[in-house]
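Colleague: Please give me a close look at one part of this model, the packing of its interior. Start with the overall picture and keep it brisk.

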Amino acid sequence: AAYYLTRGLASLAQASVKASQGDFSQRAPIRGHDEIAMLAVNFNVMMDAAEAHIQSLRDGERRFRAIADYTYAWENWFDASGKLLWINPAVQRMVGYTPEECLAMPDFPLPLIHPDDQELIRYQTQLARDGLSGQDLEIRVLGRDGTHIWAAVSWQPIHDETGVPQGYRSSIRDTTMQHHTTEELSYQAVHDALTGIFNRRAFERRLQQVFEQPKAAPNQPHLAQLPLVVLYVDLDQFKSVNDTCGHEAGDQLLIELTGLLKEQVGPGFLARLGGDEFGIILRCSEEEGLRCAHRILHEVRNYVFQYQGRHFHPGLSIGVAQASEHLDSVSELLMAADAACYAAKERGRNRVELYIRDNEYFRLQREAFRSADHVANALNEERFLLYFQRVESLSPDAPHFAEVLLRMRDSHDCILTPENFLPAAERFNLMSHIDAWVIKNVCRQLSEWETANTLPEARYLSINISGASLSDQEFPDFVLQQISLYDIDPGRLCFEISERCAARYLPQTQAFIHRMRDLGIALALDDFGTGPSSFAHLKQLPVDFLKIDALFIQHLDQDSKDRAVVLSMLQLARLYGLKTVAEFVSNAAILKIVRELEVGYAQGYALHEPEPLPNLVGNGGDDKP
């Protein structure tokens, strides 16, 4: 009995020893139904559970390692003291060091961190050891080959089930591509794509910083003592290069000119403000600013632009303005420099002009700036009004028509005529907006008359088109859009184009005329006789009406030379089959001569004073205001 008892215990003891050594496959033999047998059964059940648990742990570890070893990020595990316990193989792919080499490094990961960023990592390590998490700390990591990559570090503390700190894990992602993309986007945001220099946004930002420097640096009073000077530079003859040789030539000219400007500006801040305009910020006296402007002008005067065998001699118009108590903001200083540049262009181009506040010219310029604000506000607040003036037929078988005129109600409810606001609108690029407003509202008025079955007898409503609209490739589509929107007959419209605008934008004008004629819209060449090569334009511009400029009509009853000029225009118009209109017929004597010369139509105060467009229906415009 003792033998059988001791034999069962010996087998159980032997299995227990092997299990304690890690062999969980051991099982105790079961003999009989005594207490020893029950002990063996419980031992085997325990071993089954232990083996299943161990297998589960092994499976979990394999899954963990499969994920950790092949994850994109470089993963680390540190103990509570900051010592590296484990690192995945991604580190070798990113920086060239094996996990074993990293584990052997003292003070890891400092040996792999750029010297300028090591303090960041020390701070991050302390945060992690203090139980704080963080993410996307950007650092530079050094590779085995000496190069560096940009990386983002995220970290999270690790605790056991009772909350006791066990260390922390960190994850490092390669962000080099994103970093360079961000840098590229940041660069593009403040640089001109063509020339590589700063753009207008950067220019205005730098100018604002310079204004704020004395406030931001009270311990550097010398900054406040340095005068601030701005140069506004406009390239002359740029359009002729574009028109003659194409935009590639124009781009090359701007690139070469930028190189010249860089050489002369020195420490100044140079930017391309748009198109062919440049800005320069200098910290110097007004006199030194003027000297710099003249140096630039001298260099460009001696510069010859060559393109495909052609030679051009571009010039510059430069405006100079110094900051002062009256010019103490970015907008004020820029407007002053721009006004000086505009003065240089008006006074002959290829010259330098200094902004002088008390000068009468610049006083009028300031008024023009204010007028531009008034025009913009009037557009936004719908304070423009449509008027009309009849264009009377001087033969009984031809219908009369009406020219649409523009008026503006100012902030004091006074009605202003075009000479009070159009110059500012032209100067500050508002004419295309005004043209669009006029066309939209004329189409709407025609639609309302059509709906009410009260269309006027006037054959056409004639609308003046500015050069800004002619040069806009999208303008013809806008016209078509308005005609379609208000469902009007395009044959009720006539567009007037001044001869000067037609000459300046000849290809665009020709394309516009052909497009409008296809729609059934009539065309008139306005102010005829004042432009260059007037007679040649009749062959190039297939219009319906020729409006003889007021210059030749207003003294027709006093000057026989004017009469001879008008007669020659009439003969030419008949040769081309054009209807003629005499503008500015201001008295009965002039009207009599116009009839004798057999001009087709007459327009002026001797026939009709302008009145609101709605009056065209009802009284026919016969009543005078």
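Modeller: What follows goes from the whole chain to an enclosed space, then to the packed cores, and then to some backbone details.

This is a predicted model, in which local features need pLDDT of at least 70 and side-chain atom pairs count only at pLDDT 80 or more, while totals for chains, interfaces and linings use all residues. Residues are numbered from 1 along each chain as its sequence is written, and side-chain values use heavy atoms, with hydrogens and water left out.

Confidence comes before packing. The measure is pLDDT, the predictor's confidence in each residue, from 0 to 100. The protein chain averages 87. At least 70 is reached by 89% of the residues. Residues 620-625 stay under 50, and the model gives them 13 contacts beyond four places in sequence. A contact means heavy atoms within 4.5 Å. Where pLDDT is low, the predicted coordinates should not be read in detail.

Now the chain as a whole. It holds 23 helices and 23 strands. These are DSSP runs numbered from the N terminus: helices are H or I with at least four residues, strands are E with at least two. The chain has 625 residues, and 46% of them count as buried. Buried means under 20% relative accessible area, exposed means over 50%, and partly exposed is in between (1.4 Å probe, protein chains only). Take the contacts between residues at least 6 apart in sequence: 60% of them join residues at least 24 apart.

Next, the enclosed space. A cavity is a set of points, on a 1 Å grid over the protein atoms alone, where a 1.4 Å probe fits but cannot get out; lining residues have an atom within 4 Å of a point. Points are joined across faces, edges and corners, and the volume is the space filled by probe spheres set on them. By this rule there is 1 cavity of 30 Å³ or more. The largest cavity holds about 60 Å³ of space. Its lining includes Asn76, Phe108, Pro109, Gln124, Tyr168 and Ser170. Strand S1 (74-78), helix H5 (118-129) and strand S5 (165-174) each give two or more residues to that lining.

Two of those lining residues, Phe108 and Pro109, share a cis peptide bond, with omega near 10°. Pro109 sits in the loop between H4 and H5. Most peptide bonds are trans.

Helix H4 (residues 99-103) carries Cys102. Cys102 is buried, at 0% relative accessible area. Leaving out residues up to four places away in sequence, Cys102 touches Leu84, Ile87, Val91, Tyr97, Phe108 and Leu112. Phe108 therefore links the two views: it is a contact of Cys102, which is buried at 0%, and it is also in the cavity lining.

Now the nonpolar cores. Such a core is a set of buried Ala, Val, Leu, Ile, Met, Phe, Trp, Tyr and Cys residues joined through side-chain atoms within 4.5 Å. The largest has 72 residues, and Phe384 and Phe495 have the most contacts inside it. Helix H15 (residues 431-451) gives the largest share, 9 residues. Apart from this core lies another, of 34 residues, among them Val229, Cys245, Cys292 and Leu316.

Phe495 reaches residues far along the chain numbering. Beyond its neighbours within four places, its contacts include Ile439, Ile463, Val479, Phe512, Met516 and Leu523. Phe384 is touched by Val375. Val375 lies in helix H13 (residues 360-380) and is buried, at 0% relative accessible area. Val375 also touches Met408, Phe421, Ala425, Leu430 and Ile434. Val375 and Ala424 are 49 residues apart in sequence, yet 7.9 Å apart in space, C-alpha to C-alpha.

A polar residue is buried too. Gln603 has 4% relative accessible area and lies in the loop between strand S22 (601-602) and strand S23 (611-612). Its side chain makes a polar contact of 3.1 Å with that of Gln389. A polar contact is a pair of N or O atoms within 3.5 Å; within protein, one must be able to donate a hydrogen and the other to accept it, and residues adjacent in sequence count only if both atoms are side-chain atoms. Gln603 also touches Phe584, among others.

Phe584 has a positive phi of about 60°, although it is not a glycine. At 45% relative accessibility, Phe584 is partly exposed.

How values were computed. 1 Å grid on protein atoms, 1.4 Å probe; cavity = no way out; pocket = protein on both sides within 12 Å on 5 of 7 lines; lining within 4 Å.
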